[in-house]
Amino acid sequence: MSEPSDENPAPAAQPPETELVEVVDAVETGDDSPMTWRVRKIADQSIYGPVNTEMLKEWANSAQIAPEDMIDESDDNWRPAPDIDFLEMIWQVKLPGGQVYGPTTVGTLREFINEGLVNEKTPATHAKTHQSLPLAALFAAVDFEKRRASRRRPMEANKSTASLAVEMAKDQHIRQLEEDLRELRKEHDALIHKFRQLSLQLQEGASKRPKIVRGPNNVAPPAE
């Protein structure tokens, strides 16, 4: 990609000791919203922007806005980037070494996959609901929701793409509980079967045991 313009350079965001940044151009996005958003990097306090809403989303989805960075809308009311709802910085992952990174966007997690920092089996955890699911399932849910949204009426298409992923995480948890219940039932049935077998063996043993005939005064006869 070409270098950014002097007016709207793209900020860089990367996890510690990891270079992920590919700077993007401030290209035309088709978004008519005013260029009011600014990003202040926590690392060196440098400020980027102003840019419009679509460009801010692009930065967030290309690993160029870190969870600690601050955002404002040309009013000096700086807020942590994850507090900007439309950026959907809501997912956390554990990086090599055990460090938890996030909350960040699905787009950033795709960049992490490309760089080999995580893999498709790495769990992603929703920062608010704490539901977890593998990255592969998260990406599949988001992609499916985008395809479905493109076929919806405009009002329906405004629903967050994260909602389906959260529902999938709940479904996965329910399926796991159901599987655990099935295993417990198998163990229960096996224990009941074993108990019945032991009971039968005890009954058979008792029936084969010779009876002792006692004489007067309840005294057993001497053994021959």
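Student: What is special about the phi of Gly116, the residue that follows helix α2?

Tutor: In this predicted model, helix α2 is followed by Gly116, and the phi of Gly116 is positive, near 80 degrees.

Student: Which residues of α2 are called buried, and why are they called that?

Tutor: Within α2, which covers residues 106-115, the buried ones are Val106, Gly107, Thr108, Leu109 and Phe112. Buried means a relative accessible area under 20%, so each of these five residues falls below that cut-off.

Student: What do the buried residues of α2 pack against?

Tutor: They pack against two helices, α1 (53-61) and α3 (135-151), and against the strands β5 (91-94), β6 (100-104) and β7 (123-126). Contact requires heavy atoms within 4.5 Å, so the buried residues of α2 have heavy atoms within that distance of each of these elements.

Student: How do you know that β5 and β6 are paired?

Tutor: Two strands pair if at least two bridges are found between them, and β5 and β6 have three, so they count as a pair, with an antiparallel sense. Trp91 stands opposite Thr104 in β6. The hairpin of β5 and β6 has five residues between the strands, and Gly97 in this hairpin takes a positive phi near 95 degrees.

Student: What makes β1 and β3 a pair?

Tutor: The same test applies: strand β1 (residues 37-40) and strand β3 (residues 70-72) share three bridges, where at least two are needed, so they are paired, again in the antiparallel sense. Within this pair, Val39 stands opposite Ile71 in β3.

Student: Which strands form the open sheet, and in what order?

Tutor: Four strands form the open sheet, and they lie in the order β2-β1-β3-β4, with antiparallel pairing. The edge strands are β2 (47-51) and β4 (79-80), since each of them pairs on one side only.

Student: Which helix packs on that sheet, and which strands does the helix touch?

Tutor: Helix α1 packs on the sheet, where α1 touches β1, β2 and β3, and the direction of α1 makes about 140 degrees with that of β2.

Student: How many helices and strands does the protein chain have, and what pattern do they follow?

Tutor: The protein chain has four helices and eight strands, and along the sequence they follow the pattern β-β-α-β-β-β-β-α-β-β-α-α.

Student: How much of the protein chain counts as buried?

Tutor: Of its 224 residues, 32% count as buried, while the accessible surface of the protein chain comes to about 14,700 Å², with 52% of that surface belonging to carbon and sulfur atoms.

Conventions. Residues are numbered from 1 along each chain as its sequence is written. This is a predicted model: local features need pLDDT of at least 70, side-chain atom pairs count only at pLDDT 80 or more; totals for chains, interfaces and linings use all residues. Side-chain values use heavy atoms; hydrogens and water are left out. Buried means under 20% relative accessible area, exposed over 50%, partly exposed in between (1.4 Å probe, protein chains only). Axes are lines fitted to C-alpha atoms, for helices over the stretch in contact, and angles run from 0 to 180 degrees between N-to-C directions. Accessible areas come from the Shrake-Rupley method with a 1.4 Å probe; for residues, only the protein chains shown count as cover.
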